[in-house]
Amino acid sequence: MEFTVWGIITAIVVGLIVGALGRLVVPGRQNMPIWLHLLIGVGAALLGTVLARAMGIATETAGVDWGELLVQVVVAAIAVALVAGVGGRRRVTR
């Protein structure tokens with residue numbers, strides 16, 4: 001399984017966007033810095049690339065590979081939401 005340059009670039013861009021949006025979507029104050037949201041988004045989008053290639057969804061096309069992009073967005077969104085939700089619940093208020 002090999003990564004293409006385009007797959008890595010789209011994973012980074014998608015991860016940054018989804019990480020930032022994840023920060024905005026999760027309600028309330030979060031105990032995580034924005035750079036951690038972005039890092040989680042990028043890592044999950046790279047994982048999405050690996051999953052898309054393993055499932056045979058990613059193909060070598062001349063344009064945008066919409067299947068791979070969709071898997072990247074879904075995995076990154078789930079990861080950011082999970083980490084932001086878990087991080088937000090650890091705080092105890094009285």
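Of the 94 residues of this protein, 35% count as buried. The model is a predicted one. The protein exposes about 6,000 Å² in total, and 72% of that area is supplied by carbon and sulfur atoms.

The fold is built from helices: there are three of them, and the number of strands is zero. Read from the N terminus on, the elements follow the order α-α-α. Helix α1 covers residues 5-25 and helix α3 covers 66-89, while helix α2 takes in residues 34-55. A chain can bring together residues that stand far apart in its sequence, and the contacts here give a figure for this. Among contacts with a separation of 6 or more, 64% are between residues 24 or more positions apart.

What do the helices contribute to the inside of the protein? The largest nonpolar core has 13 residues. Each of the helices α1, α2 and α3 supplies at least two residues of this core, and the largest share, five residues, comes from α3. Inside the core, the residues with the most contacts are Ile 40, Ala 44, Ala 45 and Ala 76.

Two of the residues around this core can be followed through their contacts. Apart from neighbours within four places in sequence, Ile 40 touches Met 32, Ala 79, Val 80 and Val 83. Ala 79 has its place in helix α3. With its own neighbours within four places set aside, Ala 79 is in contact with Ile 40 and Ala 44. Ala 79 can also be placed relative to Gly 22: the two are 57 residues apart in sequence, and their C-alpha atoms are 9.2 Å apart in space.

Helix α2 offers a pair of residues for comparison. His 37 is found in this helix, and Leu 39 is found there too. Which of the two words, buried or exposed, applies to His 37? His 37 is buried, because its relative accessible area is 0% and the cut-off for buried is under 20%. Leu 39 counts as exposed because its relative accessible area is 53%, and the cut-off for exposed is over 50%.

The surroundings of His 37 can be listed. Leaving out neighbours within four places in sequence, His 37 is in contact with Gly 19, Gly 22, Arg 23, Gln 30, Met 32, Val 80 and Ala 84. Val 80 also appears among the contacts of Ile 40. For Leu 39, there is a distance to Val 80: these residues are 41 residues apart in sequence and 9.4 Å apart in space, from C-alpha to C-alpha.

The last feature is an enclosed space. The structure holds one cavity of 30 Å³ or more, and about 50 Å³ of space lies in the largest cavity. Which residues line the largest cavity? The lining is made of Trp 6, Thr 10, Val 64, Asp 65, Glu 68, Leu 69 and Gln 72. Helices α1 and α3 are the elements that give two or more residues to this lining. The largest share, three residues, comes from α3. By type, the lining residues of the largest cavity divide into three nonpolar, two polar and two charged.

Helix α3 thus appears in both places: the largest share of the nonpolar core comes from α3, and α3 also gives the largest share of the lining of the largest cavity.

Technical notes: Residues numbered from 1 in each chain as written. Predicted model: local features only at pLDDT ≥ 70, side-chain atom pairs only at ≥ 80, totals over all residues. Heavy atoms only, no water. Helix = DSSP H or I, 4+ residues; strand = E, 2+ residues; numbered from the N terminus. Buried < 20%, exposed > 50% of the residue type's maximum accessible area, 1.4 Å probe, protein only. Contact = heavy atoms within 4.5 Å. Areas by Shrake-Rupley, 256 points an atom, 1.4 Å probe, with all protein chains shown as cover. 1 Å grid on protein atoms, 1.4 Å probe; cavity = no way out; pocket = protein on both sides within 12 Å on 5 of 7 lines; lining within 4 Å. Points joined across faces, edges and corners; volume = space filled by probe spheres on them. Nonpolar A, V, L, I, M, F, W, Y, C, P; charged D, E, K, R; others polar. Core = buried A, V, L, I, M, F, W, Y, C linked by side-chain atoms within 4.5 Å.
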